[in-house]
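Student: Could you take me closely through the packing of the interior in this model, and through the aromatic rings that take part in it?

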Amino acid sequence: MPGLTIGDTIPDLQVETNQGKIKLHQFCADGWTILFSHPGDFTPVCTTELGKMAQYAKEFYQRGVKLLGLSCDDVQSHNEWIKDIEAYTPGAKVNYPIIADPKREIIKQLNMVDPDEKDSTGNLPSRALHIVGPDLKIKLSFLYPATTGRNMDEVLRVIESLQKASKFKVATPANWKPGDPVVITPDVTNEQAKEMFPQGFESVKLPSKKEYLRLTKV
């Protein structure tokens, strides 16, 4: 589906949330933001997801990450729904804002429309998630069907990966978890790597004898 994608700057929309009006650029500036949409209030998978997001909120906040939800219902509906979310996930408090989009206009501008899921009003939001960097550009996007809930451990993992990549000249390999070795990016020479990674690095011996797979810890 054409629209907002990785590398694009999010539009500076003014949106209505259950915590008042916000401007996206002001909200997302000087930090990382997880912007995530849901097909609708008072729906089963969405209720579990928002509860889990609230449960993980402390982990995200510790990493300088803000949370911003979106659903196609109005503010009053959001406020009533939050009671169910918190009841389903005991101890979790939904203290992040949720955008109201009853006219389905914001989801079009944020590329969060599900082409298959519809109701009497039109297309519903997809189960989408954008991670927005401090420069207001989208760094990563997930897109799930309405039938599949997101894994918050994976969201937390990719946040850590993106933040390491933004701070160091590294990338994270397949199945990487926080604490595992990372790889040094190919644009860094071995001489530069010695200066940039004084803790040392290991060049994996490969049949090609090319030293492009270099592991280090940061």
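**The nonpolar core and its aromatic pairs**

Tutor: Phenylalanine 142 has a relative accessibility of 15%, so this residue counts as buried, the limit being under 20%. Its partner in the discussion below, tyrosine 144, reaches 21% and therefore counts as partly exposed. Both values, like everything that follows, come from a predicted model.

The rings of these two residues form an edge-to-face pair, because their planes stand at 80 degrees, with the centres 6.0 Å apart. A search of the whole structure finds two aromatic pairs. In the other, phenylalanine 36 and tyrosine 96 have ring centres 5.6 Å apart and planes at 65 degrees, so that this pair too is edge-to-face. It joins distant parts of the chain, since phenylalanine 36 belongs to strand 3, whereas tyrosine 96 sits in the loop between helix 3 and strand 5 (98-100), 60 residues apart. Phenylalanine 36 and tyrosine 96 are both buried.

Tyrosine 96 also leads into the largest nonpolar core, which has 29 residues and in which Ile34, Met53, Phe60, Tyr96 and Ile131 are those with the most contacts. Two or more residues are contributed by each of strand 3 (32-38), helix 2 (44-62), strand 4 (65-71), helix 3 (75-88), strand 8 (127-132), strand 9 (138-144) and helix 5 (152-167). Helix 2 supplies the largest share, seven residues. Methionine 53 shows how these parts meet: beyond residues up to four places away in sequence, methionine 53 touches Ile34, Phe36, Phe60, Leu67, Tyr96, Leu129 and Met152. Both members of the pair formed by phenylalanine 36 and tyrosine 96 are thus among the residues that methionine 53 touches. Apart from this core lies another, of 21 residues, including Leu13, Leu24, Ile107 and Val113.

Helix 2 also holds cysteine 46, the residue that UniProt, in an unreviewed entry, lists for "active site". Cysteine 46 is buried, with a relative accessible area of 0%. Setting aside neighbours within four places in sequence, cysteine 46 is in contact with His38, Pro39, Gly40, Trp81 and Arg127.

One further ring deserves mention, that of phenylalanine 27, over whose face lysine 66 lies at 5.1 Å from the ring centre.

As for the wider setting, the protein chain is divided into domain 1 (8-150) and domain 2 (168-216), and the C-alpha centres of these domains lie 36 Å apart.

Conventions. Residues are numbered from 1 along each chain as its sequence is written. This is a predicted model: local features need pLDDT of at least 70, side-chain atom pairs count only at pLDDT 80 or more; totals for chains, interfaces and linings use all residues. Side-chain values use heavy atoms; hydrogens and water are left out. A nonpolar core is a set of buried Ala, Val, Leu, Ile, Met, Phe, Trp, Tyr and Cys residues joined through side-chain atoms within 4.5 Å. Buried means under 20% relative accessible area, exposed over 50%, partly exposed in between (1.4 Å probe, protein chains only). Helices (H or I, at least four residues) and strands (E, at least two) are DSSP runs, numbered from the N terminus. Contact means heavy atoms within 4.5 Å. Domain bounds come from an automatic or database domain assignment. Rings of Phe, Tyr and Trp (its six-membered ring) pair if their centres lie within 6.5 Å; planes under 30 degrees apart count as stacked, over 60 as edge-to-face and the rest as tilted. A charge sits over a ring if NZ of Lys or CZ of Arg is within 6 Å of the ring centre and within 35 degrees of the ring normal. UniProt positions are given in the numbering used here, feature names are shortened, and annotations may be inferred rather than shown by experiment.
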